[in-house]
Structure formats: structure tokens, C-alpha cells
Amino acid sequence: MKRILFLISLVVFTANSFGQATEPEMSTIFDGDDLDYWEVPENNVWWVMDEGTLWAKSDPEKKGSILWTKKKYKDFVVQMDFKFGEGTVDSGIFMRGDDERNAQIQIGESGSLKRDMTASPYVPKQGYPVEAEGIKELLRINDWNTIKAMTIGNTYKVWLNGKEVMNYTLEGANLEGPIGIQLHPNREMSIQFKNISVAEL
């Protein structure tokens, strides 16, 4: 009996240790105070900080904008809280840069196709090759949501409010580049972000 209890304890200890060892240590890249980790666009009228949140709002000409990290990443996980604002929201997370060679991928925070495409991957010239699952039940339209996106090699996974909703492999994907947050052009819209963090894997 003692041996069985010892073995059970050993398994539990090993599982806990493994979990702690594999959990990435996240580093904050936006905490509500500044945009030091980001390349703020010239003549910025799109990205505004207010009471600890980052607002993305359309300009009068609806040109749109992308806020890029100063740093480039290879394998990483990025997490942020977001909340939809006014208009038809079309936003998302660029994973490793903006590339029209069909190698860039964007994780949506979006209602751009008359249904919500949040957590689904958008690829230039392909559109949405797969659609995230269970979004209708998970997404809080009028409240804060947490999205986490991970890329290792050319595989991408996304979690929404703690539940895995998407797993996709993109052949020929960019393997290094900055992280971007998009404010889509030709839209009158707003969206808020906070608690943005990243971990290199």
C-alpha cells in the first residue's frame, strides 16, 4: 500500500513539475502606460491610450493602420485582452509580419464576413482556410475577451477565453517577423486592447 501511495505521489509531482517547466514565462509588451515596445506610426491618429487600455479607432479617411512590435520573433506565444467597440470591427494579430507572398498569417478579431471570424486565420490570396470552432458560444460581444495565439514553425494554435479553438499549419509560412495589431482600412470602427504579453518559445 505504501508503495502504491509513493508511486501516485511521484506521478503527481512529476506532472506538476512538467507543467511548470513547460509553461512559458510571459513578458508584458503593453501594460497601459506606454508604447515603448511598439513602432508608433508617423502622424499617429489611430492608437490612443486611455485609462490603461489601448484604443484603435478609425481615422476620418479610413486609411487604417498596423501597430508593429519593434522586435522580431520566431516561435512565440502572444496573449491580449480585447473588447469590441463601435462599428463593424475588423482587426487581428499579425503573426511574424505582413507579407503578401501568401506567407503571412493573421489571427482575426473580427466580424468582417457578417459572422464573427475571431480566432480564425486569414491568409492573403486564400482568405480563411479554416474557421475557429465554438466562437459563437465563447465570444463576449460586449465585454472583455482573452485571446492567445501560438506559433511554432509553421503551425498555429489559438485559444479564446481559455479554450483551444483553432489549429492550422501554413505551408511556406514566415518563420520570423514582428507581431502586429491591425486596424483595418475602409472601416469606421473601434476596438480596445489591454494586458498584451509575449513569450519566446
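1. Tyr128 is partly exposed, since its relative accessible area is 23%. The model described in this note is predicted, and residue Tyr128 serves as the point of entry.

2. Another tyrosine, Tyr122, has a relative accessibility of 32% and therefore also counts as partly exposed. For both residues the relevant range lies between the limit for buried, under 20%, and the limit for exposed, over 50%.

3. The aromatic pairs come next. By the rule applied here, the model contains 4 aromatic pairs. One of them joins Tyr122 and Tyr128: the ring centres are 5.4 Å apart and the planes stand at 65 degrees, so the pair is classed as edge-to-face. That class requires an angle over 60 degrees.

4. Tyr73 and Phe76 form an aromatic pair as well, with 5.6 Å from centre to centre and 50 degrees between the planes, and this pair is tilted. Both Tyr73 and Phe76 are buried. By contrast, Tyr122 is partly exposed, as is Tyr128.

5. Two lysines are placed over tryptophan rings. Lys57 lies over the face of Trp55, at 4.8 Å from the centre of the ring. In the other case, the charged end of Lys148 sits over the ring of Trp159, 4.6 Å from the ring centre.

6. Lys148 also appears in the surroundings of Lys157, a residue of strand E11, which covers residues 155-160. When neighbours within four places in sequence are set aside, Lys157 is in contact with Lys148, Ala149 and Met150, and also with Glu164, Met166 and Asn167. Lys157 is partly exposed, at a relative accessible area of 26%. Thr169 is 12 residues from Lys157 in sequence, and their C-alpha atoms are 8.9 Å apart in space.

7. The sheet merits a separate point. An open sheet is formed by 6 strands, arranged in the order E2-E5-E13-E7-E8-E9, with antiparallel pairing. Strand E2 (38-39) and strand E9 (121-122) stand at the edges; each has a single partner strand, so one side of each has no neighbour in the sheet. In general, strands of a sheet pair through backbone hydrogen bonds.

8. Within this sheet, strand E7 (residues 90-95) and strand E8 (residues 105-110) run antiparallel and are joined by 6 bridges. Which residue of E8 is the bridge partner of Ile93? The partner is Ile107.

Definitions and conventions:
Residues numbered from 1 in each chain as written. Predicted model: local features only at pLDDT ≥ 70, side-chain atom pairs only at ≥ 80, totals over all residues. Heavy atoms only, no water. Pairing = 2+ DSSP bridges. Helix = DSSP H or I, 4+ residues; strand = E, 2+ residues; numbered from the N terminus. Buried < 20%, exposed > 50% of the residue type's maximum accessible area, 1.4 Å probe, protein only. Contact = heavy atoms within 4.5 Å. Phe/Tyr/Trp six-rings, centres within 6.5 Å; stacked < 30°, edge-to-face > 60°. Lys NZ or Arg CZ within 6 Å of the ring centre and 35° of its normal.
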